[in-house]
Amino acid sequence: MDNNEKKPRRPVFDKRVRLSRVILACVICVVAAAAVTAILIYGRLGGRAGFKSAEKYLAVQNAIADNYIGDYDTASLQNAAASAMVKSLGDKWSYYMTPDEYEAYKLSSANEYQGIGVTISKEDSGGFKITSVMADTPASAAGLKEGWVIMTVDGEDVSNQTVDGLRELIQSKIDSKIALGVSTDGGKPTTYTVDCSVIYNDPVTYELKDGAVGYIKIANFEAGSGDAVKKAIDELLSQGAKSMVFDLRNNPGGMLSELIKALDYILPEGDLFVSVDQSGKETVTKSDNVCLQMKMSVLVNENTYSAAEYFAAALKEYNWATVVGSATTGKGRSQTTIELSDGSAVHISSRKYLTPKRVDLAQTGGITPDVVVDMGDTGDDMQLYKAIDLVKGA
């Protein structure tokens, strides 16, 4: 090959054409990406109406940022806006939770909480009186007693704190040891070192009363409660129980799955729970034919709520137990909890539920007990006495 042979020259416009094509491709990509992003954002915001709502929120936030003379916290503004939005539904069972509130909610749903295992009340002196100490908790292990007054936490005076403020202060020290300055006799505080930890709260307690009456107190229907009820029934039967009293007073309810476990173990074959969606379609959960057959009573009051109220209603409709106590308030809506991107959550009514006989407790205003009993002023638990008498046949 002749090394001096000239190679053919490419047209001058070739580079320009290629450059134009590259620029055109980039423009197309940018436009396409912008279009896709706009579509995604627009769709994510729920179309035109959602986009307008977001636009309005940002306009208000910008107005505050550009004009407000005082100090403010952006996160607080966002939480307040979200809370007000859900509150405007007018549904007392729907609410918004901040990230911290949602974390506490998840612990509560697992029958766990952060703390040391005491309940407290504010004293006029500024301290916090210990009104109860839970068994098998850091507080009981440290030797704290009812009636003592908490004055300091890690050397910090807490007299200016509220009950919620002190609770949050203690919870902020999770997984660490804290020094509590406690007054046992009104004198100089004595320091007690206590572990602040996640504590499991057993939702079900039970005992045999009057020789053959099984007494089961169900504090809530959160995680683990269904199996705990079944275990309590089996234990009491093994101890010779001939009848049962279920105490659901002050029970705020909980999870449907836990309620179903308990009811299915007690009730005969038939409809157990009826859930109704937005279109009116029913989903029915049924019980098998294995059941508990003996005299039973259920204790309720104005604070028997949600799943607890349904428990009493179901046993009443099956003529499986006598309901004793005071009237409940009525709830017939179930909620869905939706976690948001920042760790907050919306707890919102998504379905209604009916009793096995298709009664909406929200419409009827709750349950009127078969036997209405007031607690009275004697200090004696007259409701419990009556519930025991009924299953004993007195």
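In the predicted model, R249 is located in the loop that connects β11 (243-247) to α8 (256-266). With a relative accessible area of 8%, R249 falls below the 20% cut-off and is therefore classed as buried. Its side chain forms a polar contact, at 2.9 Å, with the side chain of D247, and β11 ends at residue 247. When neighbours within four places in sequence are set aside, the residues in contact with R249 are K217, L299, V300, N301, T304, M375, D381, Q383 and L384.

Two of these contact residues, Q383 and L384, also belong to the buried set of helix α11 (residues 382-392), together with A387, I388 and V391. These five residues span an arc of only 130 degrees around the helix axis, and therefore lie on the same side of α11. The elements covering the buried residues of α11 include β9 (204-209), β10 (213-218), β14 (295-300) and β15 (322-325), as well as β11. Thus β11, the strand that precedes the loop of R249, is among the elements that cover the buried residues of this helix.

A separate set of strand pairings involves β5 (residues 149-153). Strand β4 (residues 128-133) runs antiparallel to β5 and is joined to it by two bridges; within this pairing, F128 has I150 as its bridge partner. Strand β7 (residues 176-183) is likewise antiparallel to β5, with four bridges between them. I150 is again involved, its bridge partner in β7 being V182. I150 thus has bridge partners in both β4 and β7.

The strand β5 additionally pairs with β6 (residues 156-157), in the antiparallel sense and over two bridges. In this pairing, E156 of β6 stands opposite V153. The two strands form a hairpin with two residues between them, and D154 adopts a positive phi near 50 degrees there.

At the level of the whole protein, the model comprises 11 helices and 18 strands. Of its 394 residues, 36% count as buried. Among contacts between residues at least 6 apart in sequence, 64% join residues separated by at least 24 positions. The protein exposes about 22700 Å², of which carbon and sulfur atoms supply 53%.

Note on methods. Residues are numbered from 1 along each chain as its sequence is written. This is a predicted model: local features need pLDDT of at least 70, side-chain atom pairs count only at pLDDT 80 or more; totals for chains, interfaces and linings use all residues. Side-chain values use heavy atoms; hydrogens and water are left out. Buried means under 20% relative accessible area, exposed over 50%, partly exposed in between (1.4 Å probe, protein chains only). A polar contact is a pair of N or O atoms within 3.5 Å; within protein, one must be able to donate a hydrogen and the other to accept it, and residues adjacent in sequence count only if both atoms are side-chain atoms. Contact means heavy atoms within 4.5 Å. Two strands pair if DSSP finds at least two bridges between them. Accessible areas come from the Shrake-Rupley method with a 1.4 Å probe; for residues, only the protein chains shown count as cover. The arc is that of the directions from the helix axis to the C-beta atoms.
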